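Please open the structure in a viewer and keep the selection tool at hand. This tour proceeds from one selection to the next.

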Amino acid sequence: MRGFLIVLVLVAALILTLWFLRHQGKSQFEENLAARERSMIELTRVNLAGLERIVLTFLSQEGRLPRDFEELRQSRLLLGPAVDAWGREVRLEITGETGFRLVSAGPDGRFETEDDIALSR
């Protein structure tokens, strides 16, 4: 009977250890996923700030805003695609004579949702 009790306690300890490791790992995974998303959002903000500088350079050189990113590429101010951290196209919206808005669709990849990331000037 004593041997059975020791085996039962060891099995219970093993089950508790496995349960703890499983839930600890899942929590860590979720934490890493959230940290990755925060990093992607911050990188997108940095990308938008860089694009803002390019648009403002065009404005100072040409006296007007560019029609689109293609015009910035043709002027050789923008050398690559205008993308966010997820590799998706950023929108350039002209809001006035010297006003504009740069918009990323954000983590969900869809424009005009709550998680869009925008920089207005």
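The stops below visit a sheet, two loop residues and several salt bridges in this model, which is predicted.

**Stop 1: the sheet.** Select strands β1, β2 and β3, which form an open sheet in that order with antiparallel pairing. Strands β1 (91-94) and β3 (117-120) stand at the edges; each has a single partner strand, so one side of each lacks a neighbour in the sheet. From one strand to the next, the twist averages 20 degrees. As background, strands of a sheet pair through backbone hydrogen bonds, either parallel or antiparallel.

**Stop 2: the hairpin.** Now restrict the selection to β1 and β2 (residues 100-104), which are antiparallel and joined by 4 bridges. The two strands form a hairpin, with 5 residues between them. Which residue of β2 is the bridge partner of Ile94? The partner is Phe100. Arg91, for its part, stands opposite Val103 in β2.

**Stop 3: two loop residues.** Most residues other than glycine have a negative phi. Select Arg76, which has a positive phi of about 70 degrees although it is not a glycine. Arg76 lies in the loop between α2 (69-74) and β1, and it counts as exposed because its relative accessibility is 68%. Next select Glu112, in the loop between β2 and β3. Glu112 is not a glycine either, yet has a positive phi of about 60 degrees. With a relative accessible area of 71%, Glu112 is exposed.

**Stop 4: from the loop to the sheet.** Keep Glu112 selected and add Arg91: their side chains meet in a salt bridge (3.7 Å, N to O). Glu112 is in the loop between β2 and β3 and Arg91 is in strand β1, so the pair ties together parts that are 21 residues apart in sequence. Is Arg91 buried, partly exposed or exposed? At 32% relative accessibility, Arg91 counts as partly exposed.

**Stop 5: further salt bridges.** The count of salt bridges comes to 7. One of them joins the side chains of Glu52 and Arg121 (3.7 Å, N to O). This pair links distant parts of the chain, 69 residues apart: Glu52 is in helix α1 (residues 2-62) and Arg121 in the segment after β3. Glu52 counts as buried at 14% relative accessibility, whereas Arg121 counts as exposed at 53%.

Finally, select Arg64, Arg67 and Glu71, which are linked in a network of salt bridges. Within this group, the side chains of Arg64 and Glu71 meet at 2.4 Å, N to O. Arg64 is partly exposed, with a relative accessible area of 34%, while Glu71 counts as buried at 8% relative accessibility.

Technical notes: Residues are numbered from 1 along each chain as its sequence is written. This is a predicted model: local features need pLDDT of at least 70, side-chain atom pairs count only at pLDDT 80 or more; totals for chains, interfaces and linings use all residues. Side-chain values use heavy atoms; hydrogens and water are left out. Two strands pair if DSSP finds at least two bridges between them. Axes are lines fitted to C-alpha atoms, for helices over the stretch in contact, and angles run from 0 to 180 degrees between N-to-C directions. Buried means under 20% relative accessible area, exposed over 50%, partly exposed in between (1.4 Å probe, protein chains only). A salt bridge is a side-chain nitrogen of Lys or Arg within 4 Å of a carboxyl oxygen of Asp or Glu.
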